[in-house]
Amino acid sequence: MTEPIRVVVTGAAGQIAYSLVYSVCKGDIFGPNQPIVLLLLDITPMMGVLQGVVMELQDCAIPLVKDIVATDDPNVAFKDVDAAFMVGAMPRKDGMERKDLLKANVRIFKAQGQAIDKFAKKSVKVIVVGNPANTNACILSKYAPSIPKENFSCMTRLDQNRAQAQISLKLGVTSDKIKNVIIWGNHSSTQYPDVAHATVEIQGKVVPVADAIKDDNYLKNEFIKTVQQRGAEVIKARKLSSAMSAAKAAGDHMHDWFAGTQGDNWVSMGVISDGSYGVKAGLMFSYPVRIKNRNYSIVQGLSLSEFAQQKLDLTAAELDEELQAALAECAD
Ligand SMILES: NC(=O)c1ccc[n+]([C@@H]2O[C@H](COP(=O)([O-])OP(=O)(O)OC[C@H]3O[C@@H](n4cnc5c(N)ncnc54)[C@H](O)[C@@H]3O)[C@@H](O)[C@H]2O)c1
């Protein structure tokens, strides 16, 4: 029998976690034969709600689940974990200044980074979903210095999935026929969804997405804007932020980190920049990556048009500014 892996989900009483934990438990992410010990972390006032989630998970009667631990103590939640979904974060409330939001999140991710440093396996793979996801992931890694920086990431897979979905709707093909869309930069409205290297399979033939769409103006304007603003559109319609799609994307991200990417294809992940594509080293920047044996490598050598370079510069500048502001809060 395979040893169980230990998986923590933070923000476990929230709406993304509600979809995510089911997916983790039923084998979508770590495989249909991989037993799971699930650790659920939320804040003390949410322990009652979290108990409800635990009851429902028990009632799902999933054989892969060996144990469920619900706690408000990070030292318990991160004990020996192999994979961490960092979903919990301080949400922006009405009238809250950006600075206050950053400060609150620095506090949360500092404490959780320290707990990961002390208690998690050194091989733990961490995805930060809670916003501002890129900067939160940097802070987490800063306070977990005993764990390689390459083990920390943030989620831009939802943006990738949204971009793929837009192309698939436009061309009338299923989304699996579209490969190698890229999200560059910040998980914010400055992100750059890029299809310059993407392909689509139409009637058995693989062609560049740009050749299939034949509308440069659409790809440079409406397409980019739709993907950048999709989260805001969902909030407007649902009065709640994306949850089902965010949980699916978090699962896709971790699945590919554990299982690897297929052939020459790549996926987008926020990872620590090593200076690739002229982005300042140390920023948590979304890049195209290939994954093998649970290690990712940033895809190198892709050509960037002047238009693309400008978009990369813009999102990198925003990330740098956000990180500097967060680091200033760490000094307190
Ligand atoms: N990266 C992405 O693509 C993406 C997409 C959608 C949402 N998000 C972000 O994901 C986060 C969660 O979204 P949601 O809809 O589930 O929110 P939610 O408000 O429903 O749930 C968040 C949960 O986090 C908990 N929490 C707060 N502080 C915590 C702490 N210190 N430790 C543990 N838990 C804590 C809250 O109590 C709550 O239960 C938000 O920050 C949201 O902006 C990111």
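# Chatting through a two-domain model

Mentor: Let's start with the overall layout: in this predicted model, the C-alpha centres of domain 1 and domain 2 lie 24 Å apart.

Trainee: Okay! Which residues belong to domain 1 and domain 2?

Mentor: The domain assignment gives 5-154 as domain 1 and 157-322 as domain 2.

Trainee: And how many residues does the contact take from each domain?

Mentor: Domain 1 puts in 29 residues and domain 2 puts in 33 residues.

Trainee: Does UniProt have a name for some of this? I mean, what does the record list for residues 6-152?

Mentor: An unreviewed UniProt entry lists that stretch as "domain: Lactate/malate dehydrogenase N-terminal". Over residues 6-152, the chain is 41% helix and 18% strand. The C-alpha atoms at the two ends of that stretch are 17 Å apart.

Trainee: Cool. Now the ligand: where does it lie relative to the two domains?

Mentor: It lies between them, because domain 1 (5-154) and domain 2 (157-322) both give residues to the shell around the ligand.

Trainee: How many residues surround the ligand, and which are the closest?

Mentor: There are 23 residues around the ligand, and the closest are Gln15, Asp42, Val129, Asn131 and His187. Sorted by class, the shell has 12 nonpolar, 10 polar and one charged residues.

Trainee: What about backbone atoms, say of Gly14 or Ile16?

Mentor: For Gly14, a backbone N or O atom lies 3.4 Å from an oxygen atom of the ligand. For Ile16, a backbone N or O atom lies 3.0 Å from an oxygen atom of the ligand. Val129 joins in too, with a polar backbone atom 3.3 Å from a nitrogen atom of the ligand.

Trainee: How much of the ligand does the protein bury?

Mentor: The protein buries 82% of the 870 Å² that the ligand exposes when taken alone. Helix H1 (15-25) and helix H4 (98-119) are the elements that give two or more residues to the shell.

Trainee: You mentioned Asn131 earlier. What kind of peptide bond joins Asn131 and Pro132?

Mentor: A cis one, with omega at about -5 degrees. Pro132 sits in the loop between strand E5 (125-128) and helix H5 (133-142).

Trainee: Switching topic: what is the phi of Ala61?

Mentor: Ala61 has a positive phi, about 50 degrees, although it is not a glycine. You can find Ala61 in the loop between helix H2 (47-60) and E3.

Trainee: Then E3 itself. Which residues is Ile68 in contact with?

Mentor: Ile68 lies in strand E3, residues 65-71. Setting aside neighbours within four places in sequence, Ile68 is in contact with Leu38, Leu40, Val54, Leu57 and Gln58.

Trainee: Last one! What separates the C-alpha atoms of Ile68 and Gln164?

Mentor: Those C-alpha atoms are separated by 35 Å, and Ile68 and Gln164 are 96 residues apart along the chain.

Conventions. Residues are numbered from 1 along each chain as its sequence is written. This is a predicted model: local features need pLDDT of at least 70, side-chain atom pairs count only at pLDDT 80 or more; totals for chains, interfaces and linings use all residues. Side-chain values use heavy atoms; hydrogens and water are left out. UniProt positions are given in the numbering used here, feature names are shortened, and annotations may be inferred rather than shown by experiment. Helices (H or I, at least four residues) and strands (E, at least two) are DSSP runs, numbered from the N terminus. A residue is near a molecule or strand if one of its heavy atoms lies within 4 Å of it. A polar contact is a pair of N or O atoms within 3.5 Å; within protein, one must be able to donate a hydrogen and the other to accept it, and residues adjacent in sequence count only if both atoms are side-chain atoms. Accessible areas come from the Shrake-Rupley method with a 1.4 Å probe; for residues, only the protein chains shown count as cover. Ala, Val, Leu, Ile, Met, Phe, Trp, Tyr, Cys and Pro count as nonpolar, Asp, Glu, Lys and Arg as charged, and the others, Gly among them, as polar. Domain bounds come from an automatic or database domain assignment. Contact means heavy atoms within 4.5 Å.
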